[in-house]
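Work through the exercises below with the structure open beside you. Try each task before you read its solution.

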Amino acid sequence: MAKLALRDIRKTYHAEEIIKGVSLDIEDGEFVVFVGPSGCGKSTLLRMIAGLEEISAGDLLIDGARMNDVEPAKRGLAMVFQSYALYPHMNVYQNMEFGLKLAGMPEAERRRKITEVATTLQLDAYLKHKPGQLSGGQRQRVAIGRAIVRNPKVFLFDEPLSNLDAALRGQMRVELATLHRRLGATTIYVTHDQIEAMTMADKIVVLQKGVVEQVGSPLELYHHPRNLFVARFIGSPPMNFLSVRIVGSGPDGLTVETSQGARIDVPVLAESAVAGSDLTLGVRPEHIVIDAQGTVPGTIRLVERLGALTLLHVALEDGSVLIVQTDGDHGGQVDAPVRLTLLSENCHLFDAKGMALTKLMRHRLAG
Amino acid sequence: METTLSPPKGKKGRTGAALFLSPAVLILLVWSLIPLALTLWYSFQNYNLVDPTLSGFAGLDNYRYLLTDPDFVWALLNTVLLVLGVLVISVGGGVLLAVLYDQDFLGRGIARILVISPFFVMPTVSALVWKNLMLHPIYGVYSAMMRAVGLTPIDWLQHYPMQTVMMIVAWEWLPFAVLILLTAVQSLDHEQKEAARMDGAGPVARFRYIILPHLSRAITVVIMIETIYLLTIFAEIWVTTSGGPGVASTNLAFLIYARALLQFDVGGASAGGVIAIVIANVIAAFLVRAVARNLEA
Ligand SMILES: Nc1ncnc2c1ncn2[C@@H]1O[C@H](COP(=O)(O)OP(=O)(O)O)[C@@H](O)[C@H]1O
Ligand SMILES: [Mg+2]
């Protein structure tokens, strides 16, 4: 089993820095998800850990040993690629066998191992098939099986589910989580899909443009985003933002006022906040309620009915639109006037630099 | 009468299609069947351009003379040697160069153009260049280089005619192999090579187990196309050795030419032509089958 440590890791391509100093500790057995928009450097970071990409600066430690210059195969890692990267001319058995054979494992042991893994992945009926004869989900399993048979200390996944359809993706997500629980191996998983990140991770690393924006458990990121970027990225539908002005502060937090004069008391540390200065208020769709006594008036512009819940797009008087999540039975109609209440303890405030003001209370599940 | 625009069905439709196809089929027939028929006809005739007294039906005589002629056996052997030798050099060298030229190095673009360029030189021209500019025992660049280091240059075309012709032809066909194989190497999925690296495969294992299997289709295609052209190599021989000394560098195509236009024996040449057609078709059938098997996998 393995612990990983990244110490100020950097990657430069043609004088352009793609990874700008990433430091990170990954505990033994942890399921870590790198998440971020396309092109933010998730794959590059993963490939540097794998040894497929040279590390321009910084140290990569696995179990305390520096790995920067160690061959990929000697780092004790296995990787599942986005394209699966199965060897097309070899059948399923040979695909799983290739690495073991090169490692010099005796034939009988190889057979035992592959048979065992194939059984757990329900691949035993397909051992003689070539990858071209398999469905997307089966190929995915073979790629995972090829990683498992090598008994690696760390599993690396690069967007493994992005080539599957939605139903299969949901199913594979569950299978991967189950597999991780059973094997208990340290896992690093790259995705741009925040749902995968939220559902599978012990720890999420949010990346933007080669910089770590925040590291934390899924609920920590959800309840205590460190800045606007994380707040916007985590959560679906995304958080709503309003410009507000500070009108008062006290031991219970800040009082802010929207441009239409609605006042909200947000329980955050006042710190350096000055009355009269401008902030951004963030509130998730699930933390706005429709309420006849609400202080924020608006008009419904669009109704999205998802069955279990309904999303209302509500236009405020100043033209900004808030997404409001209500239950599936809500009878809201387009063009109907509504009044909203923002649940103040779930509101977030961000300063002019986009950094979140510290909340007075930690959420009980946020760790 | 059917007046709809639905696709033609049944006998009537097919006759219509045949009608529209007929010009193309007719041209093809005139182009290939008439020469074939004439060759077959002459191969059973006594027909010599300089001896009008010889005439009439010859039966299988032309074939008997040819098949028992030691020159014919030589020509057959040389044909096989030329095809196999050039295939080995161009495919072997082509695979190596393709893998090398797939690497990133300074000036790769220019190097690629240079390696492809011999393909655009006409066979007669490249044979002349090799014969007079490179290998000529007195004026040749090669000979000058040998003399510069104090060695006596070998007169390659005199002493090793077949091997030299083979080398010239291989020089012409290597670029073709590189071109096809390089595109094939480049089409190999990057992640596959990386997966192999993660699996612990070094450069040799990656070449042997990942790249070579990936290239197998392209190699079959190169072999097929080259074989068809190499069976009929003529210009290079004609320019450099004229099939000699003796028949040392005479292949089937050159033998037929020599029979018809140097010895004026149209009957014998035609018999040789028929045999060449049979051989080419047998080989083509084998190749097509091999390729089909390789392509469907
Ligand atoms: N081999 C390379 N040469 C130059 N730039 C690269 C190379 N690989 C990746 N990049 C750049 O690095 C950035 C991050 O890429 P990547 O790690 O693939 O992003 P992600 O996986 O997060 O979508 C991109 O802007 C990409 O253009
Ligand atoms: Mg990527």
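**Exercise 1: a helix that falls short**

Helix 10 of chain B covers residues 203-230, 28 residues in total. In this predicted model, compare its end-to-end span with that of a straight helix, and locate any kink.

Solution.
Step 1. Take the rise of 1.5 Å a residue; a straight helix would then reach 40 Å. The expected span is 1.5 Å times one less than the number of residues.
Step 2. Check the ends. The end C-alpha atoms of helix 10 of chain B are only 33 Å apart, so the helix is short of the expected span, which is found from 1.5 Å times one less than its number of residues.
Step 3. Look for a bend. Helix 10 of chain B has a kink of about 45°. B:Ser216 is at its centre.

**Exercise 2: burial and setting of the helix**

Which residues of helix 10 of chain B are buried? Which residues does UniProt list for "domain: ABC transmembrane type-1"?

Solution.
Step 1. Apply the cut-off: buried means under 20% relative accessible area.
Step 2. List the buried residues of helix 10 of chain B. Among them are B:Ala205, B:Arg206, B:Ile210, B:Ile211 and B:Leu215. The list also includes B:Ala218, B:Ile219, B:Thr220, B:Val222, B:Glu226, B:Thr227 and B:Leu230.
Step 3. Turn to the record. An unreviewed UniProt entry lists residues 76-287 of chain B for "domain: ABC transmembrane type-1".
Step 4. Read the composition. Residues 76-287 of chain B are 76% helix and 0% strand. The end C-alpha atoms of this stretch are 19 Å apart.

**Exercise 3: the surroundings of ligand 1**

Which residues surround ligand 1, and which helix gives the most to its shell?

Solution.
Step 1. Name the surrounding residues. They are A:Tyr13, A:Ile18, A:Pro37, A:Ser38, A:Gly39, A:Cys40, A:Gly41, A:Lys42, A:Ser43 and A:Thr44.
Step 2. Find the helix. Helix 1 of chain A, residues 42-50, gives the most to the shell, with 3 residues.
Step 3. Check the backbone. A polar backbone atom of A:Cys40 is 3.2 Å from an oxygen atom of ligand 1. For A:Gly41, a polar backbone atom is 3.0 Å from a ligand oxygen.
Step 4. Check a side chain. A polar side-chain atom of A:Thr44 lies 2.5 Å from an oxygen atom of ligand 1.
Step 5. Turn to area. Ligand 1 taken alone exposes 570 Å², and the protein buries 59% of that.

**Exercise 4: chain A as a whole**

How many helices and strands does chain A have?

Solution.
Step 1. Count the elements: chain A has 8 helices and 20 strands.
Step 2. Add the burial. Of the 367 residues in chain A, 50% are buried.

Definitions and conventions
Residues are numbered from 1 along each chain as its sequence is written. Chains are lettered from A and ligands numbered from 1 in the order in which they are written. This is a predicted model: local features need pLDDT of at least 70, side-chain atom pairs count only at pLDDT 80 or more; totals for chains, interfaces and linings use all residues. Side-chain values use heavy atoms; hydrogens and water are left out. UniProt positions are given in the numbering used here, feature names are shortened, and annotations may be inferred rather than shown by experiment. Helices (H or I, at least four residues) and strands (E, at least two) are DSSP runs, numbered from the N terminus. The bend at a residue is the angle between axes fitted to the seven residues ending there and the seven starting there. Buried means under 20% relative accessible area, exposed over 50%, partly exposed in between (1.4 Å probe, protein chains only). A residue is near a molecule or strand if one of its heavy atoms lies within 4 Å of it. A polar contact is a pair of N or O atoms within 3.5 Å; within protein, one must be able to donate a hydrogen and the other to accept it, and residues adjacent in sequence count only if both atoms are side-chain atoms. Accessible areas come from the Shrake-Rupley method with a 1.4 Å probe; for residues, only the protein chains shown count as cover.
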